[in-house]
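Student: Could you walk me through this structure and show me how each label is earned?
Tutor: Gladly; let us begin with how surface is counted.

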Amino acid sequence: MESSSKSRYIKLAIQLLENYRGRDKIIRISSYVTMLLSSVGKQGGAMNIKFNVITQQLNLCRTILRLFDDLPMLALTATYGFGKHEKVPGIGLLKGLENLVYSLFFPVEHIAWLAQVKVLQGYHEGKWIVGCIGLWAIALVLSITRNLISLKAMKRQMEDAQRQLKIEGGGGISSLELTPTKSVVELKLSQYNMRLDLLKNCADLCNAINWLPPGFLWSGKIPTPITAITGMLSSYLGLYQCASNMISDKKKV
């Protein structure tokens, strides 16, 4: 039984590495781990410098891979539009705006990278990098707002479902606990996933604002170890979501 469980985890790990999104999440976690290691011990030491170089190269790897994300992002933005199919008011508009911001993020990041490697002359890479972070922060604020609205709507749906279940079960609370309907179970799972997504986005926003120029909220005030731990938390949650989606899709087939 134990070997079977290990085998499943190994297969899942391989599937994540073969999947673009899964591999990106693993590289992201690795970059934050090396960032944390680069902040341990005497600053400016040989090991700190080496781990810092690894962190930079891992981040560069992700940046280069995102050179090919423009078309899929534009297709998603065009297909989704402003979510007229969404039942909860405001969700479609927020998601649509979030998609638009990410559609702008990618070309801005490309210019920042080209300026950084001196392919584009006369472009101040620092301004373009700040522009990337700013767009990322805006997208995260939109996503967090969408998470909160969704959770509020789910809470109302849960109350309605529980009320209906009490009526069908004769009003007993124990009947709700012992025989939950499919809709209640699905709502609880959706709430759980939405809370994870909210936590992930809040962790990312914490770092995004910290990396903005000094003077804006808490920018530049969070030490590197805390930044690394926050990034590791966000990356782990993103990897968990990616793995969960892969398992869910496999069950549907």
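Tutor: Accessible areas come from the Shrake-Rupley method with a 1.4 Å probe, and for residues only the protein chains shown count as cover. By that method the chain exposes about 15,600 Å², of which carbon and sulfur atoms supply 66%. This is a predicted model, in which local features need pLDDT of at least 70 and side-chain atom pairs count only at pLDDT 80 or more, while totals for chains, interfaces and linings use all residues. Residues are numbered from 1 along each chain as its sequence is written, and side-chain values use heavy atoms, with hydrogens and water left out.

Student: How many helices and strands are there in the chain?
Tutor: Helices are DSSP runs of H or I with at least four residues, and strands are runs of E with at least two, numbered from the N terminus. By that definition the chain has nine helices and zero strands.

Student: Why is Cys-242 called buried, and what is Cys-202 called?
Tutor: Buried means under 20% relative accessible area, exposed means over 50%, and partly exposed lies in between (1.4 Å probe, protein chains only). Cys-242 has a relative accessible area of 12%, so Cys-242 is buried. Cys-202, at 35%, therefore counts as partly exposed. Across the chain, 37% of the 253 residues count as buried.

Student: How many disulfides are there?
Tutor: A disulfide is a pair of cysteine sulfur atoms within 2.5 Å. By this rule there are zero disulfides. For Cys-202, the nearest cysteine sulfur is that of Cys-206, 9.2 Å away, and Cys-202 is in no disulfide. Cys-242 is in no disulfide either, with the nearest cysteine sulfur, that of Cys-61, 16 Å away.

Student: Which residues of helix α4 are buried?
Tutor: In α4 (residues 70–80), they are Met-73, Thr-77 and Tyr-80.

Student: What makes them lie on the same side of α4?
Tutor: The arc is that of the directions from the helix axis to the C-beta atoms. These residues cover an arc of only 80 degrees around the axis, so they are on the same side of α4. An α-helix has 3.6 residues a turn, so residues three or four places apart point the same way. On the other side of α4, Leu-71, Ala-78 and Thr-79 are exposed.

Student: What covers the buried residues of α4?
Tutor: Contact means heavy atoms within 4.5 Å, and the cover includes α5 (91–116). After α4 comes Gly-81, whose phi is positive, near 60 degrees.
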